[in-house]
Amino acid sequence: MNPEIFYFIKANLIIIAAYLLYKVMFKGEHGFRFRRIFLLSSMIGALLLPALGLFPAGTHINEGIVMMPAIDLSEMAAPDGNGTDTESGLPVMTLLSYIYIAISALLVLRTLWRMISIHRLIRKAQRTELTDGIYTHFIKADTETAFSWFNHIFISYRSEVPEFIIAHELAHVSHRHSADIIISELFTSLFWINPAAWGIRNCVRENLEFMADAHAVNESNRREYQMCLLNNTIQSAIAPIYTNFNLTSIKKRIIMMNNKPRKTGRVWKSLLAIAALAGIIVVSATAMAVNTPTKVKTQPLKTSKTAYASTAGPDDASFPGGAAEFFMFIARNIEYPQSAIKDGTEGNVIVNFTVAPDGKVTDVKVVKGVREDLDNAAIEVIKKSPKWNPAKPGGDASVNVPVTFKLSPKRKKSK
């Protein structure tokens with residue numbers, strides 16, 4: 001499996017698992033700080049954990065031979081009278097990848113634009129006050145709603161904003177909740193196709209409001225605070241990335257404020273959440289669907305001509321620039337025999353060769369062949385190989401290279 005696709009699948013599975021676990025573990029519970037840690041860890045873990053064990057090293061096989069992944073040539077660099085026979089257009093998976101990346105880029109740009117709009121508000125503020133490192137900007141707005149962005153609080157200069165709303169925004173500022181907002185926005189930009197990623201983003205915003213509400217209620221009259229929530233209608237966002245007083249469902253916030261913290265079961269739920277996260281880490285560290293052959297006669301692993309692969313370790317013989325560069329060297333220099341193209345013949349040729357102590361490639365031979373013309377084509381391209389980095393501490397090194405000859409769909413249709 002392509003490493004990028006493998007990474008993407010594992011990352012999305014972790015996202016789904018983390019989201020479902022959050023919804024089960026924290027429904028109706030307080031523990032807002034632990035919630036925050038869990039959500040941030042889930043997003044960061046989804047990015048980093050799938051890379052663990054993703055590119056496992058190769059494995060030594062009998063008599064010190066190193067098996068390298070197969071090269072799918074698909075007639076690359078094959079002469080066809082008038083030139084190389086190539087297919088028009090992009091492969092479907094490549095095209096889909098470009099589309100996905102383009103949408104992610106647009107979402108990232110949207111986030112950046114919203115951040116820029118915040119700074120435009122700062123420049124357009126009617127008045128700015130600085131107190132204890134916190135900037136208060138008075139802007140043109142007809143509502144009593146305030147909002148914050150890092151150490152900036154924005155308030156309408158036309159109306160008097162209640163003190164507990166200011167306390168709410170001060171909680172956002174003091175705990176740097178805007179950083180969580182940015183992380184969640186970028187996170188959904190990368191995994192926009194996964195509904196669970198958007199669910200985690202919403203949970204992040206919701207939990208930040210719960211935290212700020214808890215801080216504001218401690219410094220004001222709870223009933224008065226809740227009445228203010230009900231009386232204030234949700235306004236259209238000037239720049240929806242900021243932390244906003246009316247950001248999440250008012251009903252959920254009032255219910256959470258009226259719920260008393262429950263100690264029973266909290267410890268067990270916390271331990272269960274930690275155990276579940278540990279299980280996700282263990283699963284993510286396990287290489288899946290990438291198995292290195294252990295015997296010469298084993299079916300070779302098929303990879304694309306540009307895929308990365310490595311030999312068994314740093315002490316083994318290696319091609320300058322790595323295995324990927326070696327694959328590209330073969331793809332640029334090999335010739336798909338015209339006789340095989342005419343007959344529509346495909347197959348895997350496993351070539352064995354020795355890397356001498358001086359780095360020269362010698363004793364090139366076919367371990368498993370298809371037919372003479374394909375076998376000879378594979379041997380000839382290996383003989384053209386420049387010097388390798390010899391094995392350490394010295395001596396000969398034996399390497400197996402499975403080469404896959406495969407006709408393009410266009411060529412097959414012409415048969």
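**Entry 1: two helices at the start**

In what kind of crossing does α1 pass α2, left-handed or right-handed? I looked this one up before anything else, keeping in mind that the model is predicted. I found that α1 passes α2 in a right-handed crossing.

Next I wanted the geometry. Two packed helices are described by the angle between their axes and the distance between the axes. Helix α1 covers residues 3-25 and helix α2 covers residues 32-48. I noted an angle of about 165 degrees and axes 8 Å apart. Angles over 145 degrees count as roughly antiparallel, so α1 and α2 are roughly antiparallel to each other.

Then I listed who makes the contact. From α1 I wrote down Y7, A11, I14, I15, A18, L21 and Y22. From α2 come R35, F38, L39, S42, G45, A46 and L47. Sorted by class, the contact of α1 with α2 has eleven nonpolar, two polar and one charged residues.

**Entry 2: another helix pair**

I moved on to helix α3 (residues 92-124) and helix α5 (residues 177-190). Their axes come within 8 Å and cross at roughly 160 degrees. That angle makes α3 roughly antiparallel to α5. The crossing of α3 and α5 is right-handed.

Which residues make the contact between α3 and α5? On the α3 side I have Y100, S104, L107, V108, R110, T111, R114 and M115. On the α5 side I have I182, E185, L186, T188, S189 and L190. By class, I count seven nonpolar, four polar and three charged residues in the contact of α3 with α5.

**Entry 3: stepping back**

I scrolled out to see the whole protein. It has 13 helices and twelve strands. There are 415 residues, and buried ones make up 45% of them. I also checked the contacts with a separation of 6 or more: 74% of those join residues 24 or more positions apart.

**Entry 4: the cores**

In soluble globular proteins, nonpolar side chains tend to be buried together. I went looking for that here. The largest nonpolar core has 30 residues. Which of its members touch the most other members? They are F326, I330, F353, I382, W388 and F405.

I then traced the elements that give two or more residues to this core. The helices are α10 (323-333), α11 (338-343) and α12 (372-383). The strands are β10 (347-355), β11 (361-368) and β12 (397-405). With six residues, α12 gives the most to this core. Another core, of 26 residues, lies apart from it, and F26, M43, A46 and I181 are among its members. I had met A46 already, in the contact of α1 with α2.

**Entry 5: two odd phi values**

D132 caught my eye with a positive phi of about 55 degrees, although it is not a glycine. I found D132 in the loop between β4 (127-131) and β5 (134-139). Is D132 buried or exposed? Its relative accessibility is 77%, so D132 counts as exposed.

R176 also has a positive phi of about 55 degrees without being a glycine. R176 sits in the loop between α4 (163-174) and α5. At 57% relative accessibility, R176 counts as exposed.

**Entry 6: V217**

Last lookup: V217, in helix α6 (residues 195-218). Its relative accessible area is 10%, so V217 is buried. Leaving out residues up to four places away in sequence, V217 touches R222, Y225 and M257. V217 and M257 are 40 residues apart in sequence, and I read 8.0 Å from C-alpha to C-alpha.

Conventions: Residues are numbered from 1 along each chain as its sequence is written. This is a predicted model: local features need pLDDT of at least 70, side-chain atom pairs count only at pLDDT 80 or more; totals for chains, interfaces and linings use all residues. Side-chain values use heavy atoms; hydrogens and water are left out. A nonpolar core is a set of buried Ala, Val, Leu, Ile, Met, Phe, Trp, Tyr and Cys residues joined through side-chain atoms within 4.5 Å. Buried means under 20% relative accessible area, exposed over 50%, partly exposed in between (1.4 Å probe, protein chains only). Helices (H or I, at least four residues) and strands (E, at least two) are DSSP runs, numbered from the N terminus. Axes are lines fitted to C-alpha atoms, for helices over the stretch in contact, and angles run from 0 to 180 degrees between N-to-C directions. Angles under 35 degrees count as roughly parallel, over 145 as roughly antiparallel, 65 to 115 as roughly perpendicular and the rest as oblique. A crossing is left-handed if the near helix is turned anticlockwise from the far one by less than a right angle, and right-handed if clockwise. Contact means heavy atoms within 4.5 Å. Ala, Val, Leu, Ile, Met, Phe, Trp, Tyr, Cys and Pro count as nonpolar, Asp, Glu, Lys and Arg as charged, and the others, Gly among them, as polar.
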